[in-house]
Amino acid sequence: MSDDAAPKKRRPIELEAEAEPVKLGSMLLTLVEPRRGHEVAYNRWYERDHFYAGCMVGPYNFAGRRFVATAELKELRHPDPSLITGEPARGSNVSVYWVLKDYHDVWNRWALRQVNALHAAGRMFEERDHVHTLLYNFCWEQRRDPDGVPVELALDHPYRGFVSVFIDRAEDITNEELWTWLRTEHLPGLMPNTDADLVAAFTPIALEMDAPGDVPREAASDSRTLLLWFLNTSPEVSWETVIAEHRRGLEESGKGTVVAALPFIPTIPGTDTYTDKLWLD
């Protein structure tokens, strides 16, 4: 038997999922700005190589989706500027990945090795800047319809709009108090009869020290909650009745402040759609 035909030795598996239910445990959210003149090349590199080689082939990374913010969508962002993007034109592309509950550490060790190996192999794209890249723990979900799309399917469901809303809670309350108000009063009063189908809540996890140097180190604030809104329409259709109303209700309650509300729509894999609509000038 030739060396090429010989069976390859399997790498050891540190921890194997067996009969656990498929539940979301954590996520990676990476918000990136391609440099002007390189937006098409960036789109092709990311969707044809890095989306898979950097994340989806990894253990326990069971779903992923890419979204884009056109110039018109960026005009909806608030506040302006924000603590997340700075100027609202930054952060044209966001990718989100779901990791199986209880397997974050295994996946994260693989992800760190993988991305450093891709750097060493020259398979990273230099003409782009990280705006916000961080890991998050999943905390809870709120569905408009109790029997609606569960969060585990949200990245595969054909939602037309996606909004990331970063909240800093008030200093005189706990996260649990904020979340209880959101889940029992605010969201049940806001979501019915709107295009908001699902809201998922997350808290940040600090990046490991051996993460690649091009990813800015960002503190994992104990007071921050990230709400991901999944909409049945493009964000501009329901911005005032859902996202702006959410911000008004939150801030009038005195329980928290929206530090960034960022709308996106899904990319169309295999195409360069929207790459010519990222900036007005």
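This report describes the strand barrel and the helix packing of a predicted model.

The strands form a closed barrel of eight, in the order β1-β3-β2-β8-β5-β7-β6-β4, and their pairing is antiparallel. Averaged over the sheet and with direction ignored, neighbouring strands are turned by 35° against each other. Within this barrel, strand β2 (residues 61-68) and strand β3 (residues 93-100) run antiparallel and are joined by seven bridges, and G64 has Y97 in β3 as its bridge partner.

Two helices that lie against strands are set out below, each with the strands concerned and an angle to one of them.

| Helix | Strands | Angle |
|---|---|---|
| α1 (residues 39-56) | β1 (24-34), β2, β3, β4 (128-143) | about 165° to β2 |
| α5 | β5 (161-169), β6 (196-205), β7 (224-231), β8 (256-266) | about 165° with β8 |

Helix α5 also has a helical neighbour, since the axes of helix α4 (residues 175-190) and helix α5 (residues 235-253) come within 11 Å and cross at roughly 135°. Because of this angle, α4 counts as oblique to α5, and the crossing of the two helices is right-handed. On the α4 side the contact is made by L178, W181, L182, H186 and L190, which meet T241, V242, E245, H246, G249, L250 and S253 in α5. Sorted by class, the residues in the contact of α4 with α5 are six nonpolar, five polar and one charged.

How values were computed:
Residues are numbered from 1 along each chain as its sequence is written. This is a predicted model: local features need pLDDT of at least 70, side-chain atom pairs count only at pLDDT 80 or more; totals for chains, interfaces and linings use all residues. Side-chain values use heavy atoms; hydrogens and water are left out. Axes are lines fitted to C-alpha atoms, for helices over the stretch in contact, and angles run from 0 to 180 degrees between N-to-C directions. Helices (H or I, at least four residues) and strands (E, at least two) are DSSP runs, numbered from the N terminus. Angles under 35 degrees count as roughly parallel, over 145 as roughly antiparallel, 65 to 115 as roughly perpendicular and the rest as oblique. A crossing is left-handed if the near helix is turned anticlockwise from the far one by less than a right angle, and right-handed if clockwise. Contact means heavy atoms within 4.5 Å. Ala, Val, Leu, Ile, Met, Phe, Trp, Tyr, Cys and Pro count as nonpolar, Asp, Glu, Lys and Arg as charged, and the others, Gly among them, as polar. Two strands pair if DSSP finds at least two bridges between them.
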